[in-house]
Amino acid sequence: MPIDPTLPYDAGNIFAKILRGEIPSNAVYEDDYAFAFEDINPQAEVHTLVIPKGAYVSWDDFSAKAGDAEIAGFVRAIGEVARAKGLVEPGYRLMANIGAHGYQEVPHLHVHIFGGQPLGPMICKR
Ligand code: AMP
């Protein structure tokens, strides 16, 4: 079920547990501001998630409340991961789902990196 992005941050969410090392993940990148790991249910040849280390529910929450260094660090981390995975020349897709219409399931901001294959149209046709 999609989450309500207007609710306060829930420190019990699964990505918070991954950040605290309480549950395992297949980590691919980490710095002061961001952590990246492989999606457990990949939807493309490359499907990696990048999350900020700070407690932000969604892109909305993050863009409104995060400090400039956190925002810069998170954006740079996404680029680092894409470069490290060799995605720049063939191309790739970034996606951040927010709330019900975006079908966001985990209430900790995450950007999906999809790549490694042609990805088709941007969204499904109705
Ligand atoms: P979203 O619909 O944007 O909230 O996407 C949540 C993503 O988190 C989905 O692609 C899930 O497959 C992924 N996911 C859920 N639990 C885990 C986990 N423990 N480790 C890695 N990815 C996960």
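**Exercise 1. The shell around the ligand**

Task: Find which element gives the largest share of the shell around the ligand in this predicted model.

Solution. Start with the elements that give two or more residues to the shell: helix H1 (14-19), strand E2 (34-38) and strand E3 (46-52). Among the elements, H1 provides the largest share, with three residues. Next, look at the whole shell: 17 residues surround the ligand, and the closest are Asp39, Asn97, Glu105, His110 and His112. Finally, sort the shell by class, which gives eight nonpolar, six polar and three charged residues.

**Exercise 2. Polar partners of the ligand**

Task: Work out which atoms of tyrosine 103, valine 106 and histidine 110 lie at short range from an oxygen atom of the ligand, then state how much of the ligand the protein buries.

Solution. Take the backbone first. A backbone N or O atom of tyrosine 103 is 3.1 Å from a ligand oxygen atom. For valine 106, a backbone N or O atom is again involved, and the distance to an oxygen atom of the ligand is 3.1 Å. Now turn to the side chains: histidine 110 places a polar side-chain atom 2.8 Å from an oxygen atom of the ligand. For the last step, the ligand taken alone exposes 510 Å², and the protein buries 85% of that area. As for where this happens, the ligand sits in the largest pocket.

**Exercise 3. A backbone angle to check**

Task: What is the sign of phi at tyrosine 103, and is this residue buried or partly exposed?

Solution. Begin with the background: most residues other than glycine have a negative phi. Tyrosine 103 is not a glycine, yet its phi is positive, at about 55°. To place it, look in the loop between helix H4 (99-102) and E5. Then read the accessibility: tyrosine 103 counts as partly exposed because its relative accessibility is 46%, between the 20% and 50% cut-offs.

**Exercise 4. Two histidines side by side**

Task: Decide whether histidine 112 is buried or exposed, and find which side chain it joins in a polar contact.

Solution. First locate histidine 112, which belongs to strand E5 (residues 111-115). Its relative accessibility is 9%, so histidine 112 counts as buried, the cut-off being under 20%. Then follow the side chain: histidine 112 and histidine 47 are joined by a polar contact of 2.8 Å.

**Exercise 5. Lysine 65 and its partner**

Task: Classify lysine 65 by accessibility and name the side chain with which it makes a polar contact.

Solution. Lysine 65 is part of helix H2 (residues 59-65). With 61% relative accessibility, lysine 65 is exposed, because the cut-off for that class is over 50%. Its side chain makes a polar contact of 2.9 Å with the side chain of aspartate 61.

**Exercise 6. Sequence distance and space**

Task: For asparagine 13, alanine 69 and glutamate 45, set the separation in sequence beside the C-alpha to C-alpha distance for one partner each.

Solution. Take asparagine 13 first, in the segment before H1. It is buried, with a relative accessible area of 4%. Asparagine 13 and proline 107 are 94 residues apart in sequence, while their C-alpha atoms are 6.6 Å apart.

Alanine 69 comes next, in helix H3 (residues 68-84). A relative accessible area of 42% makes alanine 69 partly exposed. From alanine 69 to aspartate 32 there are 37 residues in sequence and 10.0 Å in space, C-alpha to C-alpha.

Glutamate 45 completes the set, in the loop between E2 and E3. Glutamate 45 is exposed, at 63% relative accessible area. Its pairing with alanine 66 spans 21 residues in sequence and 31 Å in space, C-alpha to C-alpha.

Methods. Residues numbered from 1 in each chain as written. Predicted model: local features only at pLDDT ≥ 70, side-chain atom pairs only at ≥ 80, totals over all residues. Heavy atoms only, no water. Near = heavy atom within 4 Å. Polar contact = N/O pair within 3.5 Å; in protein donor to acceptor, adjacent residues only side chain to side chain. Areas by Shrake-Rupley, 256 points an atom, 1.4 Å probe, with all protein chains shown as cover. 1 Å grid on protein atoms, 1.4 Å probe; cavity = no way out; pocket = protein on both sides within 12 Å on 5 of 7 lines; lining within 4 Å. Sits in = over half its atoms within 2 Å of the grid points. Helix = DSSP H or I, 4+ residues; strand = E, 2+ residues; numbered from the N terminus. Nonpolar A, V, L, I, M, F, W, Y, C, P; charged D, E, K, R; others polar. Buried < 20%, exposed > 50% of the residue type's maximum accessible area, 1.4 Å probe, protein only.
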